[in-house]
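Colleague: I'm new to this one. Could you walk me through it, one question at a time?

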Amino acid sequence: FISVLTAVQPGGWQAVRRELCEGLIANKAARAAAILAERYADCDVILLQEASAVFVELALARPELRDRYALLRPRNVDAARNQNSLILADRRRFREDSIIDVSAQVLALAGAGAAGGGRLSSR
């Protein structure tokens, strides 16, 4: 990979590397929240996997998401592993008070091998 970068930009591959990191890693959660708010605004339900705890905060900070969607998340958001399952449910279609978290029951049925952190099951 470094040889390709060196061929593309001799002596400047660190700048390319930095740009790639900024584009793919830095501000990833903020970009994902912006994409959801801008490109998926017509969806009634949005299912997210492996979402970070930071993403939860950023999504709730965006009025376009916070005002329209109920953000369903695990009771204990896993900030260490950042592999949380989230559901954004359009408040115009779903009554937030009718949604029931059944994660504990699903994990009990799954058995001892199922990891509990960050999983969400609702009905």
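**A first tour**

Modeller: Let's begin on the outside: Leu20, Leu24 and Ile25 make a nonpolar surface patch of about 310 Å². Keep in mind that this is a predicted model.

Colleague: Where is Ile25 found, and is Ile25 buried or exposed?

Modeller: Look between helix H2 (13-24) and helix H3 (28-39), and you'll find Ile25 in the loop there. Exposed means over 50% relative accessible area. Ile25 has 59%, so the word for it is exposed.

Colleague: On to H3, then. How many Å does H3 reach from its first C-alpha to its last?

Modeller: H3 has 12 residues. At 1.5 Å a residue, the expected span is 16 Å, and the helix comes close to that. From first C-alpha to last, H3 reaches 16 Å.

Colleague: Within what arc do the buried residues of H3 fall?

Modeller: The buried residues of H3 are Ala29, Ala33, Ala34, Leu36 and Ala37. Look down the axis of H3 and these buried residues line one face of the helix, because they fall within an arc of 160°.

Colleague: Why would residues a few places apart point the same way?

Modeller: An α-helix has 3.6 residues a turn. So the ones that point the same way are residues three or four places apart.

Colleague: Which exposed residues does the other face of H3 carry, turned away from its buried side?

Modeller: The buried side of H3 has its cover, which includes strand E1 (45-51), helix H4 (53-61), helix H5 (63-66) and strand E3 (84-90). Turn to the face pointing away from that buried side and you meet exposed residues. They are Lys28, Glu38 and Arg39.

Colleague: What about H4: within what arc do its buried residues fall?

Modeller: In H4, the buried residues are Ala53, Phe55, Val56 and Ala59. Seen down the helix axis, they line one face of H4, since their directions fall within an arc of 155°.

Colleague: What covers the buried residues of H4, and which exposed residues are on the face turned away?

Modeller: The cover over the buried residues of H4 includes H3, E1, H5, E2 and E3. On the face turned away from the buried side, the exposed residues are Glu57 and Ala61.

Colleague: Let's talk charges. How many salt bridges does the count come to?

Modeller: Side chains of opposite charge can pair when their charged atoms come close. Here, a pair counts when a side-chain nitrogen of Lys or Arg is within 4 Å of a carboxyl oxygen of Asp or Glu. By that rule, the count comes to eight.

Colleague: How far apart are the closest N and O atoms of Arg62 and Glu64?

Modeller: Arg62 counts as partly exposed at 22% relative accessibility. Glu64 also counts as partly exposed, at 39%. The two form a salt bridge, and their closest N and O atoms are 2.8 Å apart.

Colleague: Which residue forms a salt bridge with Arg68?

Modeller: Arg68 sits in the loop between H5 and strand E2 (69-72), and at 19% relative accessibility it counts as buried. Its partner is buried too, with a relative accessible area of 0%. The closest N and O atoms of this salt bridge are 2.6 Å apart, and the partner is Asp90.

Colleague: How many residues apart in sequence are the parts that Arg68 and Asp90 tie together?

Modeller: Arg68, Asp90 and Arg92 are linked in a network of salt bridges. Arg68 forms its salt bridge with Asp90. Arg68 is in the loop between H5 and E2 while Asp90 is in strand E3, so the parts they tie together are apart in sequence by 22 residues.

Colleague: How far apart in space are Asp44 and Arg68, C-alpha to C-alpha?

Modeller: Asp44 lies in the loop between H3 and E1 and is partly exposed, with a relative accessible area of 28%. Leaving aside neighbours within four places in sequence, the residues in contact with Asp44 include Arg68, Tyr69 and Asp90. Asp44 and Arg68 are 24 residues apart in sequence, and C-alpha to C-alpha they are apart in space by 9.6 Å.

Colleague: Last one: is Arg75 buried or exposed?

Modeller: Arg75 forms a salt bridge with Asp101, the closest N and O atoms being 3.9 Å apart. Asp101 is partly exposed, with a relative accessible area of 27%. Arg75 has 70% relative accessibility, so it counts as exposed.

Methods
Residues are numbered from 1 along each chain as its sequence is written. This is a predicted model: local features need pLDDT of at least 70, side-chain atom pairs count only at pLDDT 80 or more; totals for chains, interfaces and linings use all residues. Side-chain values use heavy atoms; hydrogens and water are left out. Patches are made of residues with over 30% relative accessible area and no salt bridge: like charges are joined within 9 Å, nonpolar side chains (Val, Leu, Ile, Met, Phe, Trp, Tyr) within 5 Å. Accessible areas come from the Shrake-Rupley method with a 1.4 Å probe; for residues, only the protein chains shown count as cover. Helices (H or I, at least four residues) and strands (E, at least two) are DSSP runs, numbered from the N terminus. Buried means under 20% relative accessible area, exposed over 50%, partly exposed in between (1.4 Å probe, protein chains only). The expected span of a helix is 1.5 Å times one less than its number of residues. The arc is that of the directions from the helix axis to the C-beta atoms. Contact means heavy atoms within 4.5 Å.
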